Amino acid sequence: ITSAHNLLSAMIDNHIYWGNELGIDIRRVAWRRVMDMNDRALRQIVCSLGGVANGFPREAGFDITVASEIMAILCLSTSIADLERRLGQIVVAAKRDKGQVLAKDLKAPGAMTVLLKDALMPNLVQTLENNPAFVHGGPFANIAHGCNSVMATQAALKLADYVVTEAGFGADLGAEKFFDIKCRKAGLHPAATVVVATVRALKMHGGVGKDDLKKENVEALKKGLANLGRHIENVKKFGVPIAVAVNH
């Protein structure tokens, strides 16, 4: 993901350096770079310093890899051809006339797809209870859809009688994006929803401080159930049966 993302970044700057045929406005380049580490010092930078050979200086920055649009695209793609098509639709910058510049305008999707061809294949692992599991993809739920890849879910549905998939960032964000984005794009029809809660979290919602969460507090637990009730209410709107799993 990191390599494919930064390849597109490099192709943008290379295009600008060699004449800028598309008329990219370097003040309006929307495509940043990524790295698999959270480094706040690199969130806002000025790149291409050091003289004529290094290009035209402009403002840029780094995001963390899981926040890359390519991560979200990979997880919604259903085939290598679909992946290449989606990559081509990425808006990378604006022109001086305010028109959009897409990744396909830079002829980037083919090379990016080659870098991602192996990453597109789901990873099969084994849990401590000896159950098979696909661990594949991880787009942030606060800026993307927060679900594993469509290809992993579809593969699991062909290989097992029951498939459980996680939607991150709670029922008020991850679950809604799972239903609204992933299920619609992939044609999935969930048979049930499991809302997972912990006793510690419920006590915290009931007003218990972090340092006191290990202590028994039934009253705080009861107060915290209001938060769980809201999550259940949210999920009910999608019309699927609900089960609640409580971890200590």
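Domain bounds here come from an automatic or database domain assignment. The model is predicted: local features need pLDDT of at least 70, side-chain atom pairs count only at pLDDT 80 or more, and totals for chains, interfaces and linings use all residues. Residues are numbered from 1 along each chain as its sequence is written, and side-chain values use heavy atoms, leaving out hydrogens and water.

**Exercise 1.** Find the domains and how far apart their centres are.

*Solution.* Start with the bounds: domain 1 covers 1–115 and domain 2 covers 192–247. Next, take the centres over C-alpha atoms; they are separated by 41 Å.

**Exercise 2.** Work out which helix gives the most to the largest nonpolar core.

*Solution.* A nonpolar core is a set of buried Ala, Val, Leu, Ile, Met, Phe, Trp, Tyr and Cys residues joined through side-chain atoms within 4.5 Å. Buried means under 20% relative accessible area, exposed over 50%, and partly exposed in between (1.4 Å probe, protein chains only). The largest core has 22 residues, and Leu8, Ile12, Ile90 and Val92 have the most contacts inside it. Helix 1 (2–17) is among the elements giving two or more residues; helices (H or I, at least four residues) and strands (E, at least two) are DSSP runs, numbered from the N terminus. Helix 1 gives the most, with 4 residues. A second, separate core has 9 residues, including Cys147 and Phe178.

**Exercise 3.** Decide whether Val52 is buried or exposed.

*Solution.* First locate Val52: the loop between strand 3 (45–47) and strand 4 (58–60) holds this residue. Then check its relative accessibility: Val52 counts as exposed because the value is 71%.
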